[in-house]
Amino acid sequence: MTLTGSLAAIGRPVLAALAGVGRVSMFAGAVLANLVRPPFYFREFGHALLQIGWFSLPVVGLTALFTGGALALQIYSGGARFNAESVVPSIVAIGMARELGPVLGGLMVAARVASSIAAEIATMKVTEQIDALVTLSTNPIKYLVVPRVLAATLAVPILVGVGDSIGIMGGWLVGITRLDFNSATYIKNTVNFLETWDVLSGMIKGAAFGFIVALMGCYFGMTSGRGAQGVGAATKSAVVAASVMILAANYILTEVFFTS
Amino acid sequence: MIELRGVQKTFGANQVLRGVNLILPRGQSMVVIGGSGTGKSVLLKSILGLVRPDAGTITLDGQNVAKAERDAFLARFGMLFQGGALFDSLTVWENVAFRLMRGAQALPPDQARAIALEKLRRVGLTPAVADQFPAELSGGMQKRVGLARAIAAEPEIIFFDEPTTGLDPIMSGVINALIREIVVEMGVTAMTITHDMSSVRAIADRVAMLHAGVIQWTGPVAEMDTAPDPYLQQFIHGRAEGPIESVR
């Protein structure tokens, strides 16, 4: 292969990736512009809030419960190497609130919500329902995308807050039943070490992750290809893109919040 | 009057429309025929602005549709989509009343529902279906609901995209008769795209045949059978032999 051929082989996917970033950015810009302009579809917003927030609660809660319990066991086991078993309550609380609550909650919501949004909107596109919306003088971004993005941005931080509490409770349950902690001492240590910013930073991360999840679901749904294959590809791309973006955004937000 | 001049549209390497010239006079029912994949739906969607032509102009009453104010422009149209395109998450009456409950002149829900029930009755559906969801209806009933939605806001122009596709011959006849009745009764300008010749004869005042990206023939439906165009004759008689290549 010639030098120019090799460069072209590298350049093509890079250009394609940059074009993709550009398209997603323009889509996000259109969503943000439509967030503040009427009309507002309150019924669709309420429906999305229920679907994204309320119905994600079981999966986020269970994930947090088991993660909190496993975290307590790991910290106890690791801490035992240098006689630091007593840090279990505080590390579980900080770990859940700052990192595991928002990230695992975001990833679970990505799996559940980004896929369902992408599949629903892609199916609407394939069956010409999006075209029908346009002919009925309704902007699909306003009607389909804005309510979902707004609902996810507001619901996921609340899910993260609830998940944090359940995760800490999971650690407490394991602590008092398996690790011989005194219940009152465990709770006291948790409360004493946990700061408001620990919880707040996790909820801000949750808002960012909620925005990403709904944006990716809507973007890949709106740009899906034809037929069942197009719907399947849109769903897969939405979940993968949302998951990767959540992890990348988590690193960036952690740098911003905790290293300055 | 809708006028298309030199309309072209290409998707990738596939040039679908190669310079379409067509006039749809006010109050007439035009049926566009042509084989599958000849660009009939693209033509219709180009007029509505759902697809942007690469070249050419489309005017509605002399005004370029690309420069028209979108909401006011679309408010003049109703459309029946091929698969109905009913919104799954809304009930039948909410689908029919969708446009009535939105925009500057939005009606209160009870008034919009009353109009929706009246339009459902007009297309032969009882109020019992109003609170059902589209997935609970048969294909023929979904087409009727789509038709009721298309006429709900009493548009000046109605487009019908393959209105009888997927229906049995009796239901096709019912839908064709309904379309013709509604077009005459409302005095609307109508454009239907189909390759169902029974629809053509039931619905059309004028016929246009789209082939190879251009209008191959256009004229009154009464002249269709005697027109000397070999492409048209092959198509309307469904012959395998003729100038239109068929893949076997």
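**Exercise 1. Determine which residues of helix H4 of chain B are buried, and where they lie around the helix axis.**

Solution. Step 1: apply the criterion of burial. A residue is buried if 20 or more other C-beta atoms lie within 10 Å of its own, exposed if 12 or fewer, and partly exposed in between, with C-beta atoms placed from the backbone. By this criterion, the buried residues of H4(B) are B:Ala112, B:Arg113, B:Ala116, B:Leu117, B:Lys119 and B:Leu120.

Step 2: look down the axis. The buried residues of H4(B) fall within an arc of 165°, so they line one face of the helix; the arc is that of the directions from the helix axis to the C-beta atoms. B:Asp110 and B:Arg121, on the other side of H4(B), are exposed.

Step 3: identify the cover. Helix H3 (92-96) and helix H5 (139-151) of chain B are included in what covers the buried residues of H4(B). Helices (H or I, at least four residues) and strands (E, at least two) are DSSP runs, numbered from the N terminus.

Before continuing, the basis of the model should be stated. This is a predicted model, in which local features need pLDDT of at least 70 and side-chain atom pairs count only at pLDDT 80 or more, while totals for chains, interfaces and linings use all residues. Residues are numbered from 1 along each chain as its sequence is written, and chains are lettered from A and ligands numbered from 1 in the order in which they are written.

**Exercise 2. Compare the span of helix H4 of chain B with the expected value.**

Solution. Step 1: the expected span of a helix is 1.5 Å times one less than its number of residues. Step 2: H4(B) has 14 residues (residues 109-122), and therefore should span 20 Å. Step 3: the end C-alpha atoms of H4(B) are 20 Å apart, which agrees. Beyond the helix, B:Gly124 follows, with a positive phi near 85°.

**Exercise 3. Describe the surroundings of strand S9 of chain B.**

Solution. Step 1: assess burial. S9(B) comprises residues 206-211, and six of its six residues are buried. B:Arg206, B:Ala208 and B:Leu210 lie on one side, and B:Val207, B:Met209 and B:His211 on the other, so that both faces are covered. In a regular strand the side chains alternate between the two faces of the sheet.

Step 2: find the partners. Two strands pair if DSSP finds at least two bridges between them. Strand S3 (residues 29-33) of chain B pairs with S9(B) in the parallel sense over four bridges, and B:Ile33 stands opposite B:Met209. Strand S10 (residues 214-220) of chain B runs antiparallel to S9(B), joined by six bridges; here B:Ala208 is opposite B:Thr218.

Step 3: inspect the turn. The hairpin of S9(B) and S10(B) has two residues between the strands, and B:Ala212 takes a positive phi near 55°.

**Exercise 4. Give the strand order of the open four-stranded sheet of chain B and explain what its edges lack.**

Solution. Step 1: the order is S2-S1-S4-S5, with antiparallel pairing. Step 2: strand S2 (14-24) and strand S5 (63-64) stand at the edges with a single partner strand each, so one side of each has no neighbour in the sheet. Step 3: strand S1 (residues 2-11) and strand S4 (residues 55-60) of chain B are joined by five bridges, and B:Gln8 stands opposite B:Ala55.

**Exercise 5. Locate the largest nonpolar core.**

Solution. Step 1: a nonpolar core is a set of buried Ala, Val, Leu, Ile, Met, Phe, Trp, Tyr and Cys residues joined through C-beta atoms within 7 Å. Step 2: the largest has 71 residues, of which B:Val32 and B:Val96 touch the most other members. H5(B) gives the largest share, six residues. Step 3: another core, of 69 residues, lies apart from it and includes A:Val92 and A:Ala214.

**Exercise 6. Characterise chain A and the position of A:Leu100.**

Solution. Step 1: chain A has nine helices and zero strands. Of its 260 residues, 45% count as buried.

Step 2: A:Leu100 lies in helix H4 (residues 88-126) of chain A. A:Leu100 counts as buried because it has 22 C-beta neighbours inside 10 Å.

Step 3: two residues are in contact if their C-beta atoms, placed from the backbone, lie within 7 Å. Leaving aside neighbours within four places in sequence, A:Leu100 is in contact with A:Thr67, A:Leu71, A:Gly95 and A:Gly167.
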